[in-house]
Amino acid sequence: MKFSKFGRIALALAVSLGTGLGVTSCSTDHTVGYFWITGAQYNQIAGYRIDNNQGQLTVNPGSPYGSNGVNPVRAVVTTAGKFLYVLNAGCGAAGQAACPAGTPANLAAPNIALFSVGGQGSLSFQQSYTSQGSLPVSLLADTTGTHLLVLDSLSPNRANCVSTGGAANCGDITAFNIDQNTGRLSLITNLQVKDTNGTNLTYFPIGTGPIEFTLFNSAFVYAIEKGSGTAGDPNQGVFVYQFSAMNGQLTLTQNTPLPTGATNLSYIFASPSFVYLLDTLTPPGATPTAPGQILPYTSGTNGGLQALVGGTVPNTGTTANPTTMLVDHLGKFVYIANRGPNLTASSAASTVSAFFINSNSAGQLQALSSGAATGGNSVPFGSGSGPRCIVEDPSNQYLYTANFDSGTVTGGVINQQTGTLTNLRKSSVFTTVGQPTWCVMSGTLF
C-alpha cells in the first residue's frame, strides 16, 4: 500500500501528535514517592506508593511487613531511599507495656530493625541492633545518611549523668555509623567522656526524661526533656550537643540544658532556618483547656536558642494536645497535628492547624485563615482520630497524617500559594495498619 506525499506528511504528523500526547499523559500519571507507616497493634509496617495525579495510595507488594520487634514507634529512611530503620520500643520490662501472649523473647527487647528497600517500595528485613540505654523513644539520621542516632529514656549508668551529677538517672543518645553499601550499623564511642574506670562511654548522656530530639542543619542536636527540676537539669528544658558530620561525635556546648518556661513539651522540629517546640500548655494528667502553643527559635552561638521576635505563638483551633509538626519543603508553611480531645462540643476531635512563615518579619508565624482553595472543600485535616505523624510527599503536593485511634491515613492537597488544605480528588481517607505510630517518605524510586 502506497501513500501520496501529502498522506505521508499527514501520517507523520498524526504519529508525532499521538506520541506527544502519550508522553504527556504518562509523564503525569506516575509514582512520586514511597510512604511507610509503623503500626503498634500488630507490630507491622504498611507500605504505599503515592500517585502523582491524585495523591492516592496504592499498597506496595508484600505489605504489611513485620517490624521484627514489638511496639514500633519511629522510623527513618536513609541513603537515597535504600534503607529503612524501625525503632521497636519493646515490651515486658519496667516502664513498658505488657507483651502480647506468645511474644518470642528475642523480639520483646527494644531494637533497631534494618530493612532494605526493593522494587515498588517493598521491604526486606536484614538484621537488628540495640541502643546502649533502655526505653528508647526516638531515632533520627543526618541528611547524608551517614549516622543514625537513638534517644533512650534511661542511660546505662546514672554515675555518668552529666546534668544530674549522678543524683538521678538520665537519658542518653546512642550514635551509630551507617555503612553506605549495606546499611549496617557500627557503634560510635564517646571520645569526650570516660567512666570511673577510665573507659570511654559508648553513649552520650543527656538530661532526665527525654521526650524527642532533632538535628539542626547537621550542626546541633536538640533534645527536649521533662527534667528533674534542679539547676543543672531544669524542668521542660532543651539539652544541646554539637554534632560532627564527619565522625558522628556529640560535644557539649552549654553548661546546662536550656530552660524554656513551657508547661508540657510534646515535640521539637528543626527546619533549615528555625527550631520549633510544641507546648501543650496542659500539665500531665490534667484536663486540656487550651490548644497549646508554639515556641519558635533561631540557633545562635554554640547552639544556644534565641526566641524569635514576638515570642510564643498560640496554636489555633479548638483541639488540644499538639503532637507533631512539619515545615513544608519550600519553607513557607508550618503544619501541626493536634491529637485532641476537642475543647468544644461542636469542634472536631483531631485536626491540623496551619501557619504562614513570614520571611519579611524574621520568620514570625501567622495563622492561616480557614477555608479552602478555589473549587475544593475545606478539610478538617487529621480528623482521623489521634494523629501521630504528619508528612509531606516528595513532590510538595500532598500532606498526610497517620491516625492512631482510627487506624487510618488522611490526605489532603496543599495549595502552594495559600497553604490551605483541600480534599484529595478521589479519596482522602485510607485504612492502614492498626494503631499507626509513625510515618516516613522517600522520593527515590526503585
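Two strands count as paired when DSSP finds at least two bridges between them. Keep that in mind for the sheets on this tour; the model is a predicted one.

**Stop 1: the sheet from β5 to β8**

Select β5, β6, β7 and β8. These four strands make an open sheet, in the order β5-β6-β7-β8, with antiparallel pairing. At the edges are β5 (72-78) and β8 (123-129), each of which pairs on one side only. From one strand to the next the twist averages 25°.

Now select residues 83-88 and 111-117, which are strands β6 and β7; they run antiparallel and six bridges join them. To find one of the contacts, pick Tyr85, whose bridge partner in β7 is Leu114.

Two loops of this region deserve a click. Most residues other than glycine have a negative phi. Thr79 is not a glycine, yet its phi is positive, about 50°. Look for Thr79 in the loop between β5 and β6; with a relative accessibility of 12%, Thr79 counts as buried. In the loop between β7 and β8, select Gln120. Gln120 also has a positive phi, near 60°, but Gln120 counts as partly exposed, at 39% relative accessibility.

**Stop 2: the largest pocket**

Turn on a surface and go to the largest pocket, which has a volume of about 1500 Å³. Its lining comprises 49 residues, and the closest to the pocket centre are Val76, Ala141, Thr143, Phe269 and Ala270. To see the strands involved, colour β5, β9 (134-141), β14 (210-216), β19 (265-270), β24 (322-327), β28 (387-392) and β33 (436-442); each supplies at least two residues of the lining.

**Stop 3: β28 and its hairpin**

From the pocket, stay on β28. Five of the six residues of β28 are buried, so this strand is largely enclosed by the rest of the structure. Add β29 (residues 398-403), which runs antiparallel to β28 and is joined to it by five bridges. Val391 has Tyr400 as its bridge partner in β29. The two strands form a hairpin with five residues between them, and in the turn Asn396 has a positive phi of about 65°.

Tyr400 also leads to a group of rings. Show the side chains of Phe35, Tyr48, Tyr398 and Tyr400, which ring pairs link into a cluster. Then show Arg388 and Phe404: the charged end of Arg388 sits over the Phe404 ring, 4.0 Å from the ring centre.

**Stop 4: the sheet from β24 to β27**

Select β24, β25, β26 and β27. This is an open sheet of four strands in the order β24-β25-β26-β27, and its pairing is antiparallel. β24 and β27 (364-367) are at the edges with a single partner strand each, so one side of each has no neighbour in the sheet. On average, neighbouring strands here are turned by 30° against each other, direction ignored.

Narrow the selection to β25 (residues 333-338) and β26 (residues 351-358), an antiparallel pair joined by six bridges. Within this pair, Ala337 stands opposite Val352 in β26. Next, find Pro341 in the loop between β25 and β26. The peptide bond that joins Gly340 and Pro341 is cis, with omega of about 15°.

There is another cis bond to visit. Select Ser63 and Pro64, joined by a cis peptide bond with omega of about 5°. Pro64 is in the loop between β3 (57-59) and β4 (65-66).

**Stop 5: aromatic pairs**

Rings of Phe, Tyr and Trp are taken as a pair if their centres lie within 6.5 Å. By that rule there are twelve aromatic pairs. How are the rings of Phe204 and Tyr241 arranged? Their centres are 6.1 Å apart and their planes stand at 80°, so the pair is edge-to-face. Phe204 is in strand β13 (residues 204-205) and Tyr241 in strand β16 (residues 237-243); the pair links distant parts of the chain, 37 residues apart. Phe204 is buried at 0% relative accessibility, and Tyr241 is buried with a relative accessible area of 4%.

Select Phe220 and Tyr222 next. This aromatic pair is tilted, with 6.4 Å from centre to centre and 40° between the planes. Both Phe220 and Tyr222 are buried.

Finish at Trp438. Arg74 lies over the face of Trp438, 3.9 Å from the ring centre.

How values were computed: Residues are numbered from 1 along each chain as its sequence is written. This is a predicted model: local features need pLDDT of at least 70, side-chain atom pairs count only at pLDDT 80 or more; totals for chains, interfaces and linings use all residues. Side-chain values use heavy atoms; hydrogens and water are left out. Rings of Phe, Tyr and Trp (its six-membered ring) pair if their centres lie within 6.5 Å; planes under 30 degrees apart count as stacked, over 60 as edge-to-face and the rest as tilted. Buried means under 20% relative accessible area, exposed over 50%, partly exposed in between (1.4 Å probe, protein chains only). A charge sits over a ring if NZ of Lys or CZ of Arg is within 6 Å of the ring centre and within 35 degrees of the ring normal. Axes are lines fitted to C-alpha atoms, for helices over the stretch in contact, and angles run from 0 to 180 degrees between N-to-C directions. On a 1 Å grid over the protein atoms alone, a cavity is a set of points where a 1.4 Å probe fits but cannot get out, and a pocket is an open set with protein on both sides within 12 Å along at least five of seven lines; lining residues have an atom within 4 Å of a point. Grid points are joined across faces, edges and corners, and a volume is the space filled by probe spheres set on the points.
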